[in-house]
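Trainee: I have a model open. Show me how to read its aromatic pairs and its cavities.

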Amino acid sequence: SILSHNHSDSSSHQNLYDIAGSLAEVESLRELPIDRSSMIQSMKLETKLSLSKAIHTRTTLSILSSTIFLSFGLMPFLEYLPAFAESIGLSEDQATSILALSGLAMITGSIVFGFAVNQFGPIWMLRFLLLILTSLILAWPHCYDATSLRLLTIIYGSCTTVSFNLGLVILTNAFGSASPTTILHLSGLMNVIATPGYLLGPSIVGYLYDLNGNYISGSLFAGAVIFLSFVSVCFVPHPDVQKKRLGIE
């Protein structure tokens, strides 16, 4: 009985030691410095970077405007490339092979221009590519042989996919680190607003062809809307400026 009594005493003492140690840990945790300002800031970011807030920024409005204009001017050349190739005396097989070059150029262009984007930044790169696309679309009706048309198609195809995707890259640089969900919503919005242009752009160029019997007026229309896309991108602020306006540090 004495042994059992001693054992119960030692167990009670051990429990007291455990409780005391736990209390000491709690007191030490209370003394740790807490950066309440950063916690409040992170809570505010969710409100500041809501979809509605992001849409009403100059970055988003400029990119969405650019996307709408670009969608009207991007597809007509690819849509009427086979018919145009045959109109300048190329065979159907040659026209098909030239169209296939555009698809290959889209893949390789994304890789090649990716390195340039890292070097010069997405905003400046998008402006440069839109000017290139404007020049190419205006030069399109003046290609009179297979060599010039192939060269134009390769350059044009290299620029198209990158130009559309860079808009999302710019939005990600401005908001993505603090609000990835908003970026997903904006990506979907960009695809939605681009759909009417993809459908109506070629129809407008086809209508102009029926009126004039050539692709010159159609290329002027497509070149004009792509240039308006370039003008829209000129209003995009630097990502650091946009973050500062939103209070994102």
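Mentor: We take the rings, then the empty space. This is a predicted model, where local features need pLDDT of at least 70, side-chain atom pairs count only at pLDDT 80 or more, and totals for chains, interfaces and linings use all residues. Residues are numbered from 1 along each chain as its sequence is written, and side-chain values use heavy atoms, with hydrogens and water left out.

Trainee: How many aromatic pairs does the structure hold?

Mentor: A pair of aromatic rings is described by the distance of the centres and the angle of the planes. Rings of Phe, Tyr and Trp (its six-membered ring) pair if their centres lie within 6.5 Å; planes under 30 degrees apart are stacked, over 60 edge-to-face, the rest tilted. The structure holds nine such pairs. In one, Phe 84 and Trp 140 meet edge-to-face, 5.9 Å centre to centre, with 70 degrees between the planes. Both belong to one aromatic cluster, with Phe 77, Tyr 80, Tyr 156, Tyr 209 and Tyr 215.

Trainee: Are Phe 84 and Trp 140 buried or exposed?

Mentor: Both are buried (under 20% relative accessible area, 1.4 Å probe, protein chains only).

Trainee: Where does the charged end of Arg 127 sit?

Mentor: Over the ring of Trp 124, 4.8 Å from its centre (the rule: NZ of Lys or CZ of Arg within 6 Å of the ring centre and within 35 degrees of the ring normal).

Trainee: Which residues line the largest cavity?

Mentor: Rolling a probe the size of a water molecule over the atoms shows where empty space is left. A cavity is a set of points on a 1 Å grid over the protein atoms alone where a 1.4 Å probe fits but cannot get out; lining residues have an atom within 4 Å of a point. Ile 63, Ser 66, Thr 67, Leu 70, Leu 126, Ser 163, Phe 164, Gly 167 and Met 190 form the lining.

Notes. Buried < 20%, exposed > 50% of the residue type's maximum accessible area, 1.4 Å probe, protein only. 1 Å grid on protein atoms, 1.4 Å probe; cavity = no way out; pocket = protein on both sides within 12 Å on 5 of 7 lines; lining within 4 Å.
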